[in-house]
Amino acid sequence: NHDASICSFFAHADVLAFGSGRDAPPPSAYHAVQRGRDAATPGRLKFVYKPETDVAEGNRPSTLLLCGRADALTCGQLVALAEHRAVVTARLWDVDPFAGSEAGVMRTAEAGRLKAKLGQLYDRIGQ
């Protein structure tokens, strides 16, 4: 059912944002991946709620996107959103996302030196 899927979609976002209490099942529990089989309807799964483990803390960021079409323009907009989000996050964390990692440069240089040494060893063995 499309309506149930959309309700679950928004319920998951609510649980991530606000959390769920120990005394009531989270709103997403009704449409979640379910555990166990329902005896009344053999093809249907039943939900088993465990309050000690099925509790979400909340205060988790999430982004909900509803797209009318999956065309090239929409995909391009999604890529642009992801790039913009990465740049903004890097700015907030005071990280330069375009700078090369010194550790990565050093590893590359070390790999080059090891490759040269192995090449010399192979040349000695081959001669």
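Here a trainee and a mentor talk through a few labels given to parts of this predicted model.

Trainee: Why is Leu92 called exposed?

Mentor: Leu92 has a relative accessible area of 69%. Exposed means over 50%, so Leu92 earns that label. Leu92 lies in helix 2, which covers residues 72-92, and it joins Val88, Trp93 and Val95 in making a nonpolar surface patch of about 460 Å².

Trainee: Thr74 is in helix 2 too. What makes Thr74 count as buried?

Mentor: The cut-off for buried is under 20%. Thr74 comes to 14% relative accessibility, so it counts as buried. Leaving aside neighbours within four places in sequence, Thr74 is in contact with Cys67 and Arg69.

Trainee: How do you know that the span of helix 2 agrees with what it should be?

Mentor: Let's check it. Helix 2 has 21 residues, and at 1.5 Å a residue they should span 30 Å. The expected span uses one less than the number of residues. The end C-alpha atoms are 30 Å apart, so the two values agree. After helix 2 comes Asp94, with a positive phi near 60 degrees.

Trainee: How many aromatic pairs are there?

Mentor: The count is one. The partners are Phe9 and Phe10, with ring centres 5.3 Å apart.

Trainee: Why is the pair of Phe9 and Phe10 called edge-to-face?

Mentor: Centres must lie within 6.5 Å to pair, and planes over 60 degrees apart count as edge-to-face. The planes of Phe9 and Phe10 are at 70 degrees, so the name fits.

Trainee: And what makes Phe9 partly exposed?

Mentor: Partly exposed sits between the 20% and 50% cut-offs. Phe9 has 28%, so it belongs there, and Phe10 at 37% is also partly exposed.

Note on methods. Residues are numbered from 1 along each chain as its sequence is written. This is a predicted model: local features need pLDDT of at least 70, side-chain atom pairs count only at pLDDT 80 or more; totals for chains, interfaces and linings use all residues. Side-chain values use heavy atoms; hydrogens and water are left out. Patches are made of residues with over 30% relative accessible area and no salt bridge: like charges are joined within 9 Å, nonpolar side chains (Val, Leu, Ile, Met, Phe, Trp, Tyr) within 5 Å. Accessible areas come from the Shrake-Rupley method with a 1.4 Å probe; for residues, only the protein chains shown count as cover. A salt bridge is a side-chain nitrogen of Lys or Arg within 4 Å of a carboxyl oxygen of Asp or Glu. Helices (H or I, at least four residues) and strands (E, at least two) are DSSP runs, numbered from the N terminus. Buried means under 20% relative accessible area, exposed over 50%, partly exposed in between (1.4 Å probe, protein chains only). Contact means heavy atoms within 4.5 Å. Rings of Phe, Tyr and Trp (its six-membered ring) pair if their centres lie within 6.5 Å; planes under 30 degrees apart count as stacked, over 60 as edge-to-face and the rest as tilted.
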